[in-house]
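Student: I'm new to this one, and I'd like to know where the labels come from. Can we go through them one at a time?

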Amino acid sequence: PALAIMDAVRRRDEPAIKALSEAIGWANGPVDIIIKDPDVFAKFNIQVEKARIGAAGYCKPGPCRPPYNDLPDEFRKAAEECGRRWAALCANSNRPPANAV
């Protein structure tokens, strides 16, 4: 999705830019609760990224090391959903599932 939107910007393809922006926003939606609060983000960003990357299937990230090994269940679930949504975008030619947006 990131490469597709960069390509759409180069082509100045406004409809594609809008659709991809919405799709990326949908994919990142579950982690809005984390990234919009600087204090929460600073405390949990490493743990969230590892959960997100693993759920997206990019790789199997290793465990977090102290002091970054605490992750509230709510944030873990949000990160994993975000990862699954990114995987869905990638699997669907950078388009969200029909019911996503």
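Tutor: Sure. Start with what an angle is here: axes are lines fitted to C-alpha atoms, and angles run from 0 to 180 degrees between N-to-C directions. Keep in mind that this is a predicted model. With that, α1 and α2 pack at an angle of about 155°, and their axes are 9 Å apart.

Student: What makes α1 and α2 roughly antiparallel to each other?

Tutor: The cut-off for roughly antiparallel is over 145 degrees. The angle for α1 and α2 is about 155°, so the two helices count as roughly antiparallel. Their crossing is left-handed.

Student: Which residues of α1 and α2 meet?

Tutor: From α1 you have Ala-4, Ile-5, Ala-8, Val-9 and Arg-11, and from α2 Ala-16, Ile-17, Leu-20, Ser-21 and Ile-24. Sorted by class, that contact has 8 nonpolar residues, 1 polar and 1 charged.

Student: Let me step back. How many helices and strands does the chain have?

Tutor: There are 5 helices and 0 strands, so reading from the N terminus the order is α-α-α-α-α. The C-alpha trace spans about 45 × 25 × 25 Å along its principal axes. Of the contacts with a separation of 6 or more, 63% are between residues 24 or more positions apart.

Student: Why is α4 called oblique to α5?

Tutor: Helix α4 covers residues 38-56 and helix α5 covers residues 73-91; they pack at an angle of about 45°, with axes 8 Å apart. Roughly parallel needs an angle under 35 degrees, and roughly perpendicular runs from 65 to 115. An angle of about 45° fits neither of those, nor the range over 145, so α4 is oblique to α5. The crossing of α4 and α5 is right-handed.

Student: What does the contact of α4 with α5 have by class?

Tutor: It has 11 nonpolar, 1 polar and 3 charged residues. On the α4 side, Phe-44, Val-48 and Arg-52 are among the residues taking part, and on the α5 side they include Phe-75, Glu-80, Gly-83 and Trp-86.

Student: How do you know that Arg-52 is buried?

Tutor: Buried means under 20% relative accessible area. Arg-52 comes out at 16%, so it is buried. This residue lies in helix α4 and touches Ala-79, Cys-82, Gly-83 and Trp-86, not counting residues up to four places away in sequence.

Student: And what makes Ala-27 buried?

Tutor: Its relative accessible area is 0%, which is under the 20% cut-off, so Ala-27 is buried. Ala-27 is in helix α2. Leaving aside neighbours within four places in sequence, Ala-27 is in contact with Cys-82, Arg-85, Trp-86 and Leu-89. Over the chain of 101 residues, 30% count as buried.

Student: How is α2 placed against α5, then, and why is that called roughly antiparallel?

Tutor: Those two pack at an angle of about 150°, with their axes 7 Å apart. That angle is over 145, so α2 is roughly antiparallel to α5. The contact is made by Ala-23, Ile-24, Trp-26, Ala-27 and Asn-28 of α2 with Cys-82, Arg-85, Trp-86, Ala-88 and Leu-89 of α5. Its residues divide into 8 nonpolar, 1 polar and 1 charged.

Student: Which residues touch the most other members of the largest nonpolar core?

Tutor: Ile-34, Val-48, Trp-86 and Leu-89 do, out of 22 residues in that core. Helices α1, α2, α4 and α5 each supply at least two of its residues, and α2 gives the most, with 7. As for Val-48, its contacts are Val-31, Ile-34, Leu-71 and Ala-79, not counting residues up to four places away in sequence.

Student: Why is Arg-12 called exposed?

Tutor: Exposed means over 50% relative accessible area. Arg-12 has 70%, so it is exposed. You'll find Arg-12 in the loop between α1 and α2. Its phi is near 60°, a positive value in a residue other than glycine. Most residues other than glycine have a negative phi, and most peptide bonds are trans.

Student: Where is the peptide bond that is cis?

Tutor: It runs from Pro-66 to Pro-67, with omega near 10°. Pro-67 sits in the loop between α4 and α5.

Definitions and conventions
Residues are numbered from 1 along each chain as its sequence is written. This is a predicted model: local features need pLDDT of at least 70, side-chain atom pairs count only at pLDDT 80 or more; totals for chains, interfaces and linings use all residues. Side-chain values use heavy atoms; hydrogens and water are left out. Helices (H or I, at least four residues) and strands (E, at least two) are DSSP runs, numbered from the N terminus. A crossing is left-handed if the near helix is turned anticlockwise from the far one by less than a right angle, and right-handed if clockwise. Contact means heavy atoms within 4.5 Å. Ala, Val, Leu, Ile, Met, Phe, Trp, Tyr, Cys and Pro count as nonpolar, Asp, Glu, Lys and Arg as charged, and the others, Gly among them, as polar. A nonpolar core is a set of buried Ala, Val, Leu, Ile, Met, Phe, Trp, Tyr and Cys residues joined through side-chain atoms within 4.5 Å. Buried means under 20% relative accessible area, exposed over 50%, partly exposed in between (1.4 Å probe, protein chains only).
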